[in-house]
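Here is a friendly walk through one protein chain, from its overall build down to a few side chains. Have the sequence and the 3D view open as you read.

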Amino acid sequence: MTTRFIVQRYHPRYQTGVKDLILPIQNQEFGIAISAEQQPDLSDIPTFYQQGAGDFWLATADDRVVGCIGLKDIGEQQAALRKMFVAEGWRGREHGVANSLLQTLLAHARERQLRDVWLGTTAKFLAAHRFYEKHGFSEVAQAALPAAFPVMKVDTKFYQLAL
């Protein structure tokens with residue numbers, strides 16, 4: 001395995017690679033029974049994410065998707081962080097994939113003068129909770145979410161980062 005990766009803006013030629021990254025993590029690793037069909041954003045990333053202040057980025061190594069992160073513009077200078085996934089062999093501080101993806105998203109959010117980034121996650125993603133908290137996100141109650149925040153059925157923990 002190469003130890004080099006690049007972060008780049010999503011291109012439709014990587015659509016299958018994104019699904020191949022996300023679905024096994026959701027289904028096998030965390031036992032969340034969700035299909036690609038139940039996640040319509042995966043079938044049309046440009047329309048869902050690459051609008052307004054939103055976007056979607058990939059970490060690729062040897063042209064293979066090893067990580068992804070999305071920013072969904074929800075209006076009022078706010079956005080939702082969605083679909084942050086990193087392949088098992090690419091996790092951890094020594095690789096820096098998750099950090100690079102998040103820093104790319106946050107730099108974009110600040111550039112676009114967003115006020116807040118919100119996210120929802122499942123209680124099962126314990127490492128993700130620590131990661132978000134380490135990067136300044138604060139846990140919030142679901143009731144505190146903006147009305148336009150796209151709550152997923154599996155989301156049970158919510159976070160906010162004021163920029």
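## Overall build

The protein chain exposes about 8300 Å², and 49% of that area is supplied by carbon and sulfur atoms. Please keep in mind that this is a predicted model.

Of the 163 residues, 47% count as buried. The C-alpha trace spans about 40 × 35 × 30 Å along its principal axes. For 163 residues, a compact globule would have a radius of gyration near 15 Å, and the protein chain agrees with this at 15 Å.

If you trace the fold, you will find four helices and seven strands. Starting at the N terminus, the elements come in the order β-α-α-β-β-β-α-β-α-β-β. Among contacts with a separation of 6 or more, 65% are between residues 24 or more positions apart.

The charges are worth a look too. There are 18 positive and 17 negative charges in the protein chain, and their mean positions are 2 Å apart.

## Salt bridges

How many salt bridges does the count come to? The total is seven, and three of them are described here.

| Salt bridge | Closest N to O |
|---|---|
| R91 with E29 | 2.5 Å |
| R82 with D41 | 3.7 Å |
| K83 with D41 | 3.5 Å |

Let us begin with R91 and E29, whose closest N and O atoms are 2.5 Å apart. This pair links distant parts of the chain, 62 residues apart: R91 sits in the loop between β4 (78-86) and α3 (97-111), while E29 belongs to helix α1 (residues 15-29). Are these two buried or exposed? Neither extreme applies: R91 counts as partly exposed because its relative accessibility is 28%, and E29 also counts as partly exposed, at 35%.

The other two salt bridges share a partner, D41. Its side chain meets that of R82 at 3.7 Å, N to O. Here again the pair links distant parts of the chain, with D41 in the loop between α1 and α2 (45-49) and R82 in strand β4, 41 residues apart.

D41 also forms a salt bridge with K83, with 3.5 Å between the closest N and O atoms. These partners are 42 residues apart, and they too join the loop between α1 and α2 to strand β4. Together, D41, R82 and K83 are linked in a network of salt bridges.

Where do the members of this network stand in terms of accessibility? D41 is buried because its relative accessible area is 3%. R82 is buried as well, with a relative accessible area of 8%, and K83 is buried with a value of 8%.

## Two residues with positive phi

Most residues other than glycine have a negative phi. With that in mind, K83 deserves a second visit: its phi is positive, about 55°, although K83 is not a glycine. As you may recall, K83 is found in strand β4.

Q113 is another non-glycine residue with a positive phi, of about 60°. You can find Q113 in the loop between α3 and β5 (116-121). Is Q113 buried or exposed? At 57% relative accessibility, Q113 counts as exposed, whereas K83 is buried at 8%.

## Two buried residues and their contacts

L21 lies in helix α1. L21 counts as buried because its relative accessibility is 6%, under the 20% cut-off. Which residues does L21 touch, leaving out those up to four places away in sequence? The answer is V65, V66, G67, C68, F85, V86 and A87. A related distance to check in your viewer is that from L21 to R64: their C-alpha atoms are separated by 9.5 Å, and the two residues are 43 residues apart along the chain.

H129 is found in helix α4 (residues 126-134). With a relative accessible area of 6%, H129 is buried. Setting aside neighbours within four places in sequence, H129 is in contact with T121, T122, A123, K157 and Y159.

## Looking back

If you have time for one more view, try centring on D41. This buried residue belongs to the network of salt bridges with R82 and K83, and K83 also has the positive phi of about 55°.

Technical notes
Residues numbered from 1 in each chain as written. Predicted model: local features only at pLDDT ≥ 70, side-chain atom pairs only at ≥ 80, totals over all residues. Heavy atoms only, no water. Salt bridge = Lys/Arg side-chain N within 4 Å of Asp/Glu carboxyl O. Buried < 20%, exposed > 50% of the residue type's maximum accessible area, 1.4 Å probe, protein only. Rg over C-alpha atoms; globule rule 2.2 N^0.38 Å. Contact = heavy atoms within 4.5 Å. Areas by Shrake-Rupley, 256 points an atom, 1.4 Å probe, with all protein chains shown as cover. Lys, Arg positive; Asp, Glu negative; His and termini not counted. Charge placed at Lys NZ, Arg CZ, Asp CG, Glu CD.
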